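Here's a quick briefing to read with the model open beside you. Start with one sheet, then zoom out to the chains and how they meet.

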Amino acid sequence: MQDTNQTFKADSDVRSNPIKMSGEKVTVHYGAKQALFDVDLKIEENQVTSLIGPSGCGKSTFLRCLNRMNDTIDICRVGGTIKLDSTDIYNPDVDVVELRARVGMVFQKANPFPKSIFENVAYGPRIHGLCRTKAEMDEIVVTSLQKAGLFEEIKDRLDEPGTGLSGGQQQRLCIARAIAVSPEVILMDEPCSALDPIATAKVEELIDELRENYTIVIVTHSMQQAARVSQRTAFFHMGNLVEEGPTDQIFTNPVDQRTQDYITGRFG
Amino acid sequence: MTDTANQSTEMLATSKNRDLGLKRRYGRERRFQAMGIAAITMGVLFLFLLFWSIVTKGYTAFQQTKIHLDIYLSEQLIDPSGNRDINVIQMPIRYNKVLEAAIYKAAGIDPKDKTKRNAMREAKSLLSKGASVDLRDLVVENPSLIGTRIDYWALADGDVDSFLKGQIPRDIPESKRKISDAQIAIIDTMAEKGVLAKQFNSNLFFNGPSSRPESAGIAVAVIGSVFMMLIVLVLALPIGVAASIYLEEFAPKNRWTDLIEVNINNLAAVPSIVFGLLGLAVFINFAGLPRSASLVGGLVLTLMTLPTIIIATRSALKAVPPSIREAALGVGASKTQAIFHHVLPLATPGILTGTIIGLAQALGETAPLLMIGMVAFVKDFPATPLDPATALPVQIYMWSGEAQRAFTERTSAAILILLAFLALMNISAVLLRRRFERRW
């Protein structure tokens with residue numbers, strides 16, 4: 001039993017990139033129920049890290065710890081330490097607003113504000129005071145939309161409501177909105193689960209491009225997606241981090257039997 | 001081919017066994033629907049009866065009988081001194097003689113004929129006691145009219161009005177009739193000459209209360225009600241919305257907030273007269289605010305409306321999808337920013353609807369206002385919320401207790417006006433809802 005809680009790290013010492021975020025002995029309780037057990041996970045800079053595992057395994061919970069989104073849940077308690085660069089983000093001195101500006105988030109269901117496309121993207125920079133003039137704002141909005149690969153499609157309808165776009169466009173709008181505040185890390189919680197294959201392909205392509213400038217953590221149910229977009233993969237099971245390593249190694253040569261079973265479709 | 005035919009008959013046979021249950025289920029559904037339709041029909045029927053009774057009783061009050069008189073405003077009678085002293089010409093009694101002369105002429109009675117004394121008295125009584133006051137007001141406003149001859153529609157007495165509207169039947173014995181045979185004779189003569197006519201009853205809208213139904217109006221009550229609605233809106237909306245936002249978004253969920261929530265829900269069900277007693281004790285006896293003032297009424301109605309607004313606002317806030325909150329928090333908005341920039345605008349239609357429903361409830365409330373003395377006979381138009389006033393439903397209540405026949409129709413007319421205000425508020429609620437509703 002003790003053995004199952006052991007996390008296998010195939011090549012934990014061979015790191016090609018600096019560490020952007022790291023969790024040490026992260027535990028999460030929802031009321032009396034424990035959702036995460038001592039998770040140790042390092043997230044590399046300018047890499048895509050995917051979190052995979054069966055439903056209810058704690059991967060989304062861990063993701064939401066990374067920008068303290070769990071704070072909004074009254075009964076949720078987080079233990080252990082999570083560091084962004086070298087600061088503990090759960091330190092009382094850390095401003096959660098500033099943290100979320102540095103660690104942006106894209107959600108499972110595209111959730112644009114019921115406002116114009118322009119306003120959707122402009123909202124973040126405006127509340128953070130990132131620009132003084134209208135021209136600067138226009139610049140930020142356009143570059144963000146361009147980076148999200150959406151600008152060409154919607155450049156004539158920036159005044160139209162963001163909720164009027166198609167599902168895939170809405171999700172890319174949400175990515176543009178997250179980019180607009182120039183975060184360092186972008187967390188994505190199953191961003192493609194509500195999209196058709198073509199829209200999914202576009203978002204995946206985008207994720208790959210974004211890796212150059214951002215550190216990305218993505219939760220996904222699709223193992224093909226994890227294999228396609230990520231450089232590192234972490235497998236969660238029943239609140240434990242079972243195995244973490246380079247994606248190709250996890251998918252071709254997993255160390256743990258449970259990882260093996262999951263990726264070969266024996267459960268999950 | 002035969003095989004498949006056999007198979008399908010077999011399948012039919014088995015499904016026939018199940019049909020029995022299905023029939024019963026469909027029957028149950030049909031019976032339930034029939035009961036629903038019956039319930040709605042009953043409801044609509046009662047509503048129709050209510051409107052029918054109010055409208056048929058009330059519509060006549062929007063017209064008022066007037067008597068067309070050719071009046072000579074004799075300087076000798078009105079202003080014997082001739083210096084237009086306001087203290088002299090503003091005395092209504094000076095206009096009685098002028099009006100009397102005119103009505104004798106209209107009724108075809110020779111005032112010099114001593115045998116017609118009786119008829120003269122009866123003719124005089126056809127005019128409203130308020131006619132001289134109305135004429136006085138006209139002359140005081142235009143003193144140049146003194147000494148001239150004017151065409152004037154004088155207010156008829158309330159009983160004459162009721163008689164002409166058929167509410168006092170001609171065929172009941174004279175002893176049981178408010179209008180004597182002699183008066184009927186004069187009315188008939190005047191009707192023949194065409195000097196009687198029903199005109200739009202502007203008094204109903206522009207006058208304050210009066211003991212004479214023909215001069216009575218709802219203006220003071222409307223002003224009082226408008227003051228109170230404004231006070232309720234200004235106080236209850238911000239307090240209610242702020243309380244709901246705190247309770248819904250910021251307050252920790254513990255025993256205390258549970259207790260507060262239960263109590264707010266209970267307050268919404270407290271009989272309104274209890275709020276009236278509270279207002280009497282706190283605002284009038286303790287705080288020393290003036291009795292009968294619309295300020296006190298507004299404060300009491302605010303207390304009464306608050307729970308409604310809080311409950312509506314909380315459910316409107318709850319109905320905003322959590323994804324919007326998360327989206328705002330995700331780009332680094334603080335909790336307050338997320339609420340005020342995104343959640344509150346989306347909850348606005350619900351909040352407005354709740355507020356207007358609360359206001360409409362307050363507009364129709366009578367009992368608490370009786371407790372704080374707004375049931376008084378207030379003749380002067382209230383200029384500020386600190387002046388004595390009444391309210392529309394209270395005016396209705398007071399008129400419903402009056403004995404004269406003409407007050408009955410005015411009661412119904414006032415109800416119609418109150419209903420019109422309520423309908424207006426509900427329509428504006430629907431329009432505002434449409435205006436602010438957004439998809440997400």
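**A small tour of the model**

In chain B, three strands line up as β2-β1-β3 to make an open sheet, with antiparallel pairing. Because β2 (149-155) and β3 (196-200) of chain B sit at the edges with a single partner strand each, one side of each has no neighbour in the sheet. Going from one strand to the next, the twist averages 45°. Keep in mind throughout that this is a predicted model.

**Around the sheet in chain B**

- Strand β1 (residues 63-72) of chain B pairs with β3(B) over five bridges, in the antiparallel sense.
- If you want one pair to look up, try Ile67(B): its bridge partner in β3(B) is Leu196(B).
- As background, strands in a sheet are joined by backbone hydrogen bonds, in either a parallel or an antiparallel way.
- Helix α4 (residues 93-107) of chain B lies across β1 and β2 of chain B, and runs at about 100° to β1(B).

**Domains of chain B**

- The domain assignment splits chain B into domain 1 (2-59), domain 2 (63-206) and domain 3 (219-436).
- Taken over C-alpha atoms, the centres of domain 1 and domain 3 of chain B are 41 Å apart.
- Those two domains do touch: four residues of domain 1 of chain B are in contact with six residues of domain 3 of chain B.
- On the domain 1 side of that contact in chain B, the residues are two nonpolar, one polar and one charged.

**Chain A as a whole**

- Chain A carries ten helices and eleven strands.
- Its C-alpha trace spans about 60 × 45 × 35 Å along the principal axes of chain A.
- The radius of gyration of chain A is 19 Å, which agrees with a compact globule, because one of 268 residues would come out near 18 Å.
- As for burial, 45% of the 268 residues of chain A count as buried.
- Among contacts in chain A with a separation of 6 or more, 68% link residues 24 or more positions apart.

**Where the chains meet**

- At the interface, 17 residues of chain B are in contact with 21 residues of chain A.
- Two helices of chain B, α14 (322-330) and α15 (335-363), each supply at least two residues to the side of chain B that touches chain A.
- Which helix gives the most to that side of chain B? With six residues, the answer is α14(B).
- By class, the side of chain B that touches chain A has seven nonpolar residues, six polar and four charged.

Conventions
Residues are numbered from 1 along each chain as its sequence is written. Chains are lettered from A and ligands numbered from 1 in the order in which they are written. This is a predicted model: local features need pLDDT of at least 70, side-chain atom pairs count only at pLDDT 80 or more; totals for chains, interfaces and linings use all residues. Two strands pair if DSSP finds at least two bridges between them. Helices (H or I, at least four residues) and strands (E, at least two) are DSSP runs, numbered from the N terminus. Axes are lines fitted to C-alpha atoms, for helices over the stretch in contact, and angles run from 0 to 180 degrees between N-to-C directions. Two residues are in contact if their C-beta atoms, placed from the backbone, lie within 7 Å. The radius of gyration is taken over C-alpha atoms; the globule rule is 2.2 Å times the number of residues to the power 0.38. A residue is buried if 20 or more other C-beta atoms lie within 10 Å of its own, exposed if 12 or fewer, and partly exposed in between; C-beta atoms are placed from the backbone. Ala, Val, Leu, Ile, Met, Phe, Trp, Tyr, Cys and Pro count as nonpolar, Asp, Glu, Lys and Arg as charged, and the others, Gly among them, as polar. Domain bounds come from an automatic or database domain assignment.
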